[in-house]
Amino acid sequence: MPEKTMLPADFSDAPISLWRRGLNFVVSLAAIGAVVLVLLPLGAVFGYLLYKGIGSINWAFLTQIPKPPGESGGGMANAIAGSVYILLIASCMGVPLGIGAGIYLSEYGRGTRFGNLIRFTADVLNGVPSIIVGIVAYGLVVLSQGHFSALAGGVALAIMMVPTITRTTEEMLLLVPQAVREAAYGLGVSKWRTTLSITLRTATSGVITGVMLAFARVAGETAPLLFTAFGNQYWNWKLEQPTAALSLQIFTYAISPFDEWHRQAWAGALILIILIVASVGAVRLVANRGMLKGAN
Amino acid sequence: MANRALGAPRLTGPQPVPEQAVAAGSAAQVQSLINVGDSRRADAVFFYAMLACGCSVLALVGLIVYELITKSSLSWHAFGWKFFFQSDWDPVNDQFGALPFVYGTIVSSILALLIAVPLAIGVAVYVTEMSPRWLRGPLAFTTELLAAIPSVIYGLWAIFVLVPLLRQYVQPWLAKYLGWTGLFEGPPYGIGMLAAGIILAIMVVPIISSITREVMTAVPQQQREAVLALGATRWEMIRTGVLRNARAGIMGGIILGLGRALGETMAVTMVIGNRPEIAKSLFAPGYTMASVIANEFSEATGNVYLSALVEVGLALFIVTIIVNILAQLLVWTVTRGTPARSHA
């Protein structure tokens, strides 16, 4: 080939030394080994959840409240309901705030110094350890109310949802082409109406995905609930009373000395994973067709 | 469908809106969009509402700082800097020193990174450079799945699976062959610093590997081709062509993993043993800053006790914030593309 002759020296036929080839082989093996080592715990966690959890889930577990230690039977019905309740409270506060902040960033704060400040602060908030958020919700709600409450737990989780929702909403709105907004303005549609009915609507499925990401992230949170929702052995639907949560119950049961409770902790963990996966899956399914779907 | 027509193709850049999109929206519908309310005032209201939402993010961080500083002032005035260098934690006599917690947090996090970093980089290298194309998506997805498992479930698994495994097989083996280092001495409880480090490692691997993957993908393809054309083996190509260019971003990923490890609470609390002592051996139980808050906050009686716990929280907050900001900056330098590299 003519190109070869242009090189000052031709090494193309020189054999790659055994050492270099061996090193290449060893590194490839090591990379495969790393993949196996990382997938191993994942398989083990899911395997154990299914193996230990399925046997312990029964009708009583899903419908009864906990029995005193030592007695067999009983369930986590109040904790499952409590988790859903606290998550609803959190979503009511966190989702509108997060979407609003996302809209501000993409529609008004693009490239401005103030917008960058908010964007940066959201990233900072995202990195705050969950236990710290618990302390703040404690100071904010529990101290002023005088006791642990579902509301305090909801506030803690809402604070954790906001930054994730803000950043994904912003990103999704930025994907909507500028021409679409301009088309609406050109028809005389006001800015707020354009933002809500055109821009946000187009990005709906992306925004929902962001909300679900935030939801899945806080659904299993335990640390911020320890001294906010606190846990409860009985049913509670009052905003200002301590409330059971699935994650709290798993924690309490896991570190207890009773076999029966350990069994229930596994069952609770399986339910928690199912709750997270199912809620994310369900909303994605709805978002992917008909009503909620944007043009993408 | 009218509302579908209002949307736009998922393309960035100046895309002409298809003509039928405008046509499909009925005249009545367009009219209804225009005629709602006094639009100028409504626009202003909407702007201020969104601005308020945006400011709420600032307010939340401000609130966190304010709460932590005011609630910890009692302890700060009582102990000052000594708080972080004393190791007696005695609620009965109102004497508080956070050194064992600081030590436990640092040691468990470093241990986690020592285990996680090689694994995470190995996974990232395999997924981006070596694996067959059809395997990339599933592998990336599966490692991300690790990040979706709640911390309390990791803790549960660690208590009943990992700890017995360590106690029966791993720790006796380590004590026998590496006991002379002094790091692996004492009775093998299973529970302790080693267990905490391992479970933390499992939890931070997905973060480090996903960011490493991201920055490795950002390295231009020509770099790889250039190195290969010089006759390099695949590993030499990865080392000189990819890893060297992505190292700032990888460092960022590692530091982000560190931030996660420092603040991680539940899984660590469940396996570290919760004893405020400083021991050289990794078999010994320890305590971390996050776990002491988790365990004692709701039972803390007395203002100084509570204040001391909040001060531990404040210290943890400051450290994780600094670590996270540093990591963000490092990742940006690679993915946003420093000029010299992005157009190589």
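**Two backbone exceptions and an all-helical chain**

In this predicted model, Asn274(B) is a buried residue, because 20 other C-beta atoms lie within 10 Å and a count of 20 or more is what the term buried requires. The residue sits in the loop that runs between α11 (266–271) and α12 (289–296) of chain B, and its phi is near 50°, a positive value in a residue other than glycine. Such a value deserves a second look, since most residues other than glycine have a negative phi.

Where in chain B does Asp94(B) lie? Asp94(B) is found in the loop between β1 (89–90) and β2 (95–96), and its phi, near 55°, is likewise positive although the residue is not glycine. The surroundings of Asp94(B) come to 13 C-beta neighbours inside 10 Å, and it therefore counts as partly exposed, whereas Asn274(B) is buried.

Turning to chain A, the secondary structure consists of 12 helices with zero strands, so that, read from the N terminus, each element in the series is an α element. The C-alpha trace of chain A spans about 85 × 65 × 40 Å along its principal axes, and its radius of gyration is 26 Å, where a compact globule of 296 residues would have a value near 19 Å. Of the 296 residues in chain A, 50% count as buried. Among the contacts in chain A with a separation of 6 or more, 72% join residues that are 24 or more positions apart.

Notes:
Residues numbered from 1 in each chain as written. Chains lettered and ligands numbered in written order. Predicted model: local features only at pLDDT ≥ 70, side-chain atom pairs only at ≥ 80, totals over all residues. Helix = DSSP H or I, 4+ residues; strand = E, 2+ residues; numbered from the N terminus. Rg over C-alpha atoms; globule rule 2.2 N^0.38 Å. Buried ≥ 20, exposed ≤ 12 C-beta atoms within 10 Å, placed from the backbone. Contact = placed C-beta atoms within 7 Å.
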